[in-house]
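Visitor: I have a new structure to look at and would like some help reading it. Could we go through a few features together?

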Amino acid sequence: MQQVYDAVLFDLDGTLSDSIELILSSYRHTMKTHLGKELPDELWLRGVGTPLDIQLSEFARSPEEVVQMRKTYSLYYVERHDAEVGMFPGAIEALCELKNQGIKVGLVTAKSKVGAERTLRKHELMDFFDVVVSADDTQRGKPHPDPVLFALKQLGVSPKRACFVGDSTHDIQAGNAAAVDSIAVEWGPYPRQLLDECNPTKWLKTPAEIAQLGKPSS
């Protein structure tokens, strides 16, 4: 019989929010502004799911440049966010169905609190999640288990009764390290081979399948 969860945690970018193209264009703009050239998208994608400053530190030549890069990136991203960022088709409906089954629903994102709230506010989801854990809430972010465990502590749910749904290797590694079921999605930017190497518990093919995480089946 399929595992029945008391809580289902979700990553945001690339899992619920279709924001990867804006993330990449913000990265390209930032690199061209500060380094004078655009770098391959693959270099940035491998860090998606980790805090922005950590990603930028891989490219900046000094701590001061990290600060300047963050300003450039954030300004570009914020100016375009509302026009370009949507939710994956069927994601909101599946989330509502999951919550209507009495399951606690949480968000665990590498975005700052301000950044996460920007996306949630746009889609009228500010009061939807039972817990929202951002990069501001734990000292260590994904792939460490700390954000996942912090969310479960707030919910009062054991890792054995929870799962974490994400699109990146950092999500799957964090879920595995927290001893929850790790659920990989097929619609994100990461190649399936890379996610497979992290040994996710199971896969979801479409956002509509999110609702099935709360339904027992023989």
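Guide: Let us take the features one at a time, beginning with confidence.

Visitor: What is the mean pLDDT of the chain?

Guide: This is a predicted model, and pLDDT is the predictor's confidence in each residue, from 0 to 100. The chain averages 93, and 97% of the residues score at least 70. Among the elements, helix 7 has the highest mean pLDDT, at 98, while helix 2 (residues 41-45) has the lowest, at 91.

Visitor: Now to pockets. Which residues are closest to the centre of the largest pocket?

Guide: First its volume: the largest pocket has about 530 Å³. Lining it are 29 residues, and Leu52, Tyr73, Ala110, Lys111 and Ser112 are the closest to its centre. Three elements each give two or more residues to this lining: helix 3 (52-57), helix 4 (63-84) and helix 6 (113-122). Helix 4 provides the largest share, 5 residues. By character, the lining holds 11 nonpolar, 8 polar and 10 charged residues.

Visitor: And how many cavities of 30 Å³ or more are found in the whole structure?

Guide: The search finds 1. About 50 Å³ of space lies in the largest cavity. Its lining includes Gly49, Pro51, Thr109, Ala110, Lys142 and Pro147, and the lining as a whole divides into 5 nonpolar, 5 polar and 1 charged.

Visitor: Which residues of helix 8 are buried?

Guide: As a general idea, an α-helix has 3.6 residues a turn, so residues three or four places apart point the same way. In helix 8, which spans residues 169-177, the buried ones are Thr169, His170, Asp171, Ile172, Ala174 and Gly175. Their cover includes helix 7 (146-155), strand 6 (162-166), strand 7 (181-185) and helix 9 (192-196).

Visitor: What caps the N-terminal end of helix 8?

Guide: Serine 168 does, with a side-chain oxygen 3.3 Å from the backbone nitrogen of histidine 170.

Visitor: Let us turn to a single residue. Is threonine 15 buried or exposed?

Guide: Threonine 15 counts as buried because its relative accessibility is 0%, and the cut-off for buried is under 20%. It sits in the loop between strand 1 (7-10) and strand 2 (17-18). Its side chain makes a polar contact with the side chain of aspartate 11, at 3.0 Å. Beyond its neighbours within four places in sequence, threonine 15 is in contact with residues including Phe88, Val165, Asp171 and Trp187.

Visitor: How does glutamine 154 compare, and what is its relative accessibility?

Guide: Glutamine 154, in helix 7, counts as partly exposed because its relative accessibility is 46%. Its C-alpha lies 8.9 Å from that of aspartate 130, although the two residues are 24 apart in sequence.

Visitor: Last, backbone angles. Which peptide bond is cis, with omega near 15°?

Guide: The general rule is that most residues other than glycine have a negative phi, and most peptide bonds are trans. Here the bond from lysine 142 to proline 143 is cis, and proline 143 is in the loop between strand 5 (131-133) and helix 7.

Visitor: And where is glutamate 124, with its positive phi?

Guide: Glutamate 124, whose phi is near 55°, lies in the loop between helix 6 and strand 5. This residue counts as exposed because its relative accessibility is 74%. Alanine 179 also has a positive phi, near 65°, and belongs to the loop between helix 8 and strand 7. Alanine 179 is exposed too, with a relative accessible area of 53%.

Conventions
Residues are numbered from 1 along each chain as its sequence is written. This is a predicted model: local features need pLDDT of at least 70, side-chain atom pairs count only at pLDDT 80 or more; totals for chains, interfaces and linings use all residues. Side-chain values use heavy atoms; hydrogens and water are left out. On a 1 Å grid over the protein atoms alone, a cavity is a set of points where a 1.4 Å probe fits but cannot get out, and a pocket is an open set with protein on both sides within 12 Å along at least five of seven lines; lining residues have an atom within 4 Å of a point. Grid points are joined across faces, edges and corners, and a volume is the space filled by probe spheres set on the points. Helices (H or I, at least four residues) and strands (E, at least two) are DSSP runs, numbered from the N terminus. Ala, Val, Leu, Ile, Met, Phe, Trp, Tyr, Cys and Pro count as nonpolar, Asp, Glu, Lys and Arg as charged, and the others, Gly among them, as polar. Buried means under 20% relative accessible area, exposed over 50%, partly exposed in between (1.4 Å probe, protein chains only). Contact means heavy atoms within 4.5 Å. A polar contact is a pair of N or O atoms within 3.5 Å; within protein, one must be able to donate a hydrogen and the other to accept it, and residues adjacent in sequence count only if both atoms are side-chain atoms.
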